[in-house]
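Biologist: Please take me through one part of this model closely. I would like the sheet, strand by strand, and then how it sits in the chain as a whole.

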Amino acid sequence: MSVARLAEIPGFNIDRVAAAAGDNPDVLRLENLDTDLRPPAGVIEATKAAMDTYDGNSWLPFTGRDDLKEEVAAFIERRGGPRYDGRREIVITSGEGTAMVDALFCLTDPGDEVILTDPTYAGMINRVRLVGAVPRLVPLVSASGEWRLDLEALRSAVTDATRVVFVHNASFPTGWVVSDEEWAAIAALCRDHDLTLLYWGIYESVLFDDRAIRVPSALEGMRERTVTIGSGIEQRMIGWRIGWVVAPGDLVNDVSRVAIYNDLVPSNFSQVGLRAALETRDVEQAAATAEYQRRRDETMRQLAGLPAVTASGGWSLLLDVAALGLDAAEVSRRLLEHGVAATQMTGWGGPVADRHVRFVFSREPVERLAMLGERLRAALDRA
């Protein structure tokens, strides 16, 4: 028996590809958003030390440590965002996934509509469905060689039921980075139609080719209209499962209640580790981003002549296999036969996503990525 809320929510293809790849060291692991780059210096030591304290193993405080909340507020302000009262406008969560659910429960009722991009992260669109809201997809287009948002389609997507625009930046799976023109259009849409921007700044500083960080809550009239989700992923702290929600004004009271009953509290020692990472003030982030750009460049070299769209930021990019007359699921299967684990994007949006296979370049060094082209072309020749 299955409940109705799960009717349109598919399984996740990533774990199936990973399981099929197994522990074979020869396989290029391009299927999952992992990375081999270590967290910022001092994070592991701070986490270990906190584990051996009473506070590090406590449930309290239920909405997160005040010192971490204040560090998150300072982190946002350093990047050009507005000033937030950490203790009164920020809730610490057990990762970004629960943060999304917490925020969506507070911003939507069943039947309300949420605007997302196509492609988008499957975890975003399906959490919209889980809370009973309805996704409305706006296509990303790649005619210019990089992803851009269809602004006319964005404006046309608003209905009387629209409540939220849900954007992540830098985006995955596409590597889309929101331009100033696009931010202006999104902000105008929110102001004109009384909408909330739910912003997931997952790779906010993992930007390539000298792009500048933009914090949307700093745009005119957007501080009180923006709910921000952050996490330790950008700091390469995947296993810590630690994140936050910035809920301005009285909204924080609703988010706090949902967070307490949805996931109660993240581990205290993970919070100490994240605080140590944010205190590094992005000193190591620039070096990590430079390495990810090298890997992006090598991946694009290996895909030369194929309909791949470059990533402007983040950890992954897409290949349009439908443009080659091929099926994404079949290509993913053939790639694994040739030693490349890569995931089809079916279910990661709508018709745009369904055309693509994703390559995550954050886990493999450049020297191993150099093997991709030959293996890929062998797989395509047989697909």
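Modeller: In this predicted model, eight strands form an open sheet. Their order is 2-9-8-7-6-3-4-5, and the pairing is mixed. Strand 2 (90–93) and strand 5 (148–149) stand at the edges. Each has a single partner strand, so one side of each is left without a neighbour in the sheet. In general, strands of a sheet pair through backbone hydrogen bonds, either parallel or antiparallel.

Take strand 3 next. Strand 3 covers residues 113–118, and six of its six residues are buried. Here, buried means under 20% relative accessible area. Strand 3 runs parallel to strand 4 (residues 134–141), and six bridges join the two. Within this pair, Ile115 stands opposite Arg136 of strand 4.

Now move along the order to strands 7 and 8. Strand 7 spans residues 196–200 and strand 8 spans residues 226–231. These two also run parallel, joined by four bridges. Tyr199 has Thr228 in strand 8 as its bridge partner.

Step back to the whole chain. The protein chain has 14 helices and 14 strands. The C-alpha trace spans about 55 × 50 × 50 Å along its principal axes. For 383 residues, a compact globule would have a radius of gyration near 21 Å; the chain has 20 Å, so the two agree. Of the 383 residues, 57% count as buried. Take the contacts with a separation of 6 or more: residues 24 or more positions apart account for 75% of them.

The surface comes next. The accessible surface of the protein chain is about 15500 Å². Carbon and sulfur atoms hold 50% of that area. As for charge, the chain has 41 positive and 56 negative charges. Their mean positions are 2 Å apart.

One loop residue gives a local example of a link across the sequence. Arg281 lies in the loop between helix 10 (268–278) and helix 11 (285–302). Arg281 is partly exposed, with a relative accessible area of 48%. Ala74 is 207 residues away along the chain, yet the C-alpha atoms of Arg281 and Ala74 are separated by 9.7 Å. Leaving aside neighbours within four places in sequence, Arg281 is in contact with Glu71 and Arg78.

To return to your sheet: follow the order 2-9-8-7-6-3-4-5 on screen. Start at strand 2, one of the edges. Pass the parallel pair of strands 8 and 7. Then find strand 3 beside strand 4, and finish at strand 5, at an edge.

Technical notes:
Residues numbered from 1 in each chain as written. Predicted model: local features only at pLDDT ≥ 70, side-chain atom pairs only at ≥ 80, totals over all residues. Heavy atoms only, no water. Pairing = 2+ DSSP bridges. Rg over C-alpha atoms; globule rule 2.2 N^0.38 Å. Buried < 20%, exposed > 50% of the residue type's maximum accessible area, 1.4 Å probe, protein only. Contact = heavy atoms within 4.5 Å. Areas by Shrake-Rupley, 256 points an atom, 1.4 Å probe, with all protein chains shown as cover. Lys, Arg positive; Asp, Glu negative; His and termini not counted. Charge placed at Lys NZ, Arg CZ, Asp CG, Glu CD.
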